[in-house]
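Dear colleague,

I am handing over a structure that you have not worked with before, and below it you will find an account of what was found. Please have it open beside you while you read.

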Amino acid sequence: MLSADNQMAYFRTQDGCSLYYETIGFELTRPVVVFLNGTLQTTMYWKVIAASLKPRFRSLLYDARGQGESELGNLPLTLDLHMDDLWALMRHLVLGPVCLVGLSHGALLGYAMARRKPKAISRLVLCSIGIRAPMRARLIVRAWSTILQAGGIEALVSAALPHVFGEAFLMNNRKTIDRIAKTIVRRNREASLSAHLSAMGTYPRLRSMLQLLEMPTLVMSGADDPLVSAGGAAAVAEKSGGRHLLVKGAGHSLAAEAPELFLDTVSRFLSDRWTDMPEGI
């Protein structure tokens with residue numbers, strides 16, 4: 001086990017792929033929260049949230065295959081492979097039941113893990129995920145691969161920003177939006193991102209995966225998210241036996257756009273203090 005307050009390390013999977021991960025607060029005996037990245041995200045996305053959860057929780061952040069500091073590996077990317085990697089990392093760190101917090105692609109991975117290993121997941125937070133995706137959302141995501149192939153990562157990030165951030169965030173950060181874009185570009189690699197986007201097209205549809213889950217589940221979505229409808233997110237919560245919270249004024253990147261509200265909501269849910277939450281926040 002890692003014992004230092006904040007450690008960065010690499011874990012090699014059975015097929016030889018090197019995965020980057022960080023632990024925060026592992027010197028304490030506390031419940032563990034595992035954060036799961038969305039597309040274009042790395043461990044950097046969660047660091048402030050994870051640090052703020054200490055000392056109530058320990059946190060595990062990691063870059064999935066092809067993300068951030070992790071290798072892409074030689075095996076074709078699949079949702080099953082991502083689950084295998086997460087489970088292997090949890091076993092490597094000798095973790096008992098953990099809480100999963102995932103956004104977008106990370107939320108889909110979290111849902112799949114909750115189905116496969118229900119006894120290993122104590123609580124589940126799913127952000128920016130839903131069924132019945134609007135046609136606009138389907139066309140947006142489909143266009144990302146084309147834009148990446150034609151113009152590279154810079155073009156893709158430029159095109160994606162209006163879709164992954166809400167209007168309020170874009171307006172409030174209009175003076176630094178170019179710097180934000182450059183940071184996202186710097187943390188991604190074209191070949192890995194291309195493989196990731198291609199693999200997503202082969203994943204099972206979320207609608208086919210929905211079932212009553214064994215663990216408490218919270219689904220959060222942004223009211224200004226063009227990729228996920230409020231109704232689609234609410235349906236995931238309903239069919240899973242969980243609860244849906246709609247975050248007003250936020251888009252797809254909830255933790256970045258409303259960090260204080262996100263931290264308070266997730267912290268209360270993970271601490272079993274969520275029964276008094278309103279349906280819209």
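**The sheet and its neighbours**

In this model, which is predicted, there is an open sheet of 8 strands with mixed pairing, and the order of the strands is 1-2-4-3-5-6-7-8. Strand 1 (6-12) and strand 8 (243-247) stand at the edges, and because each has a single partner strand, one side of each is left without a neighbour in the sheet. On average, and with direction ignored, neighbouring strands of this sheet are turned by 20 degrees against each other.

If you begin at the edge formed by strand 8, you will see that strand 7 (residues 217-222) runs parallel to strand 8 and is joined to it by 5 bridges; within this pairing, methionine 220 has leucine 245 of strand 8 as its bridge partner. Helix 9 (residues 230-240) packs on the sheet, where it touches strand 6, strand 7 and strand 8, and its direction makes about 155 degrees with that of strand 8.

Further in, strand 6 is joined to strand 7 by 4 bridges, and these two strands run parallel, while strand 5 and strand 6 also pair in the parallel sense, over 6 bridges. Valine 125 is a useful residue to look for in strand 6, since valine 101 stands opposite valine 125, and valine 125 in turn stands opposite leucine 218 in strand 7. Strand 6 is mostly covered, with 6 of its 7 residues buried. Strand 5, helix 3 and strand 6 together make a right-handed β-α-β unit.

**Three loops**

Which loop holds serine 128? Serine 128 lies in the loop between strand 6 and helix 4 (135-164), and its phi is near 55 degrees, which is a positive value in a residue other than glycine. With a relative accessibility of 3%, serine 128 counts as buried, because the cut-off for that class is under 20%.

Valine 94, which lies in the loop between helix 2 (79-92) and strand 5, likewise has a phi near 55 degrees, a positive value in a residue other than glycine. Is valine 94 buried or exposed? Its relative accessibility is 62%, and valine 94 therefore counts as exposed, a class that begins over 50%.

The loop between helix 1 (47-53) and strand 4 contains proline 55, and here a cis peptide bond joins lysine 54 and proline 55, with omega at about 10 degrees.

**A residue in helix 6**

Lastly, please look at isoleucine 184, which is found in helix 6 (residues 177-186). Its relative accessibility is 15%, so isoleucine 184 counts as buried. Leaving aside residues up to four places away in sequence, isoleucine 184 touches Leu40, Val157 and Leu161. For one of these contacts there is also a distance to give: valine 157 is 27 residues apart from isoleucine 184 along the chain, and the C-alpha atoms of the two are separated by 7.3 Å.

With kind regards

Methods
Residues are numbered from 1 along each chain as its sequence is written. This is a predicted model: local features need pLDDT of at least 70, side-chain atom pairs count only at pLDDT 80 or more; totals for chains, interfaces and linings use all residues. Side-chain values use heavy atoms; hydrogens and water are left out. Two strands pair if DSSP finds at least two bridges between them. Axes are lines fitted to C-alpha atoms, for helices over the stretch in contact, and angles run from 0 to 180 degrees between N-to-C directions. Contact means heavy atoms within 4.5 Å. Buried means under 20% relative accessible area, exposed over 50%, partly exposed in between (1.4 Å probe, protein chains only). A crossover is right-handed if, with the strands pointing away from the viewer, the path from the first strand over the helix to the second runs clockwise.
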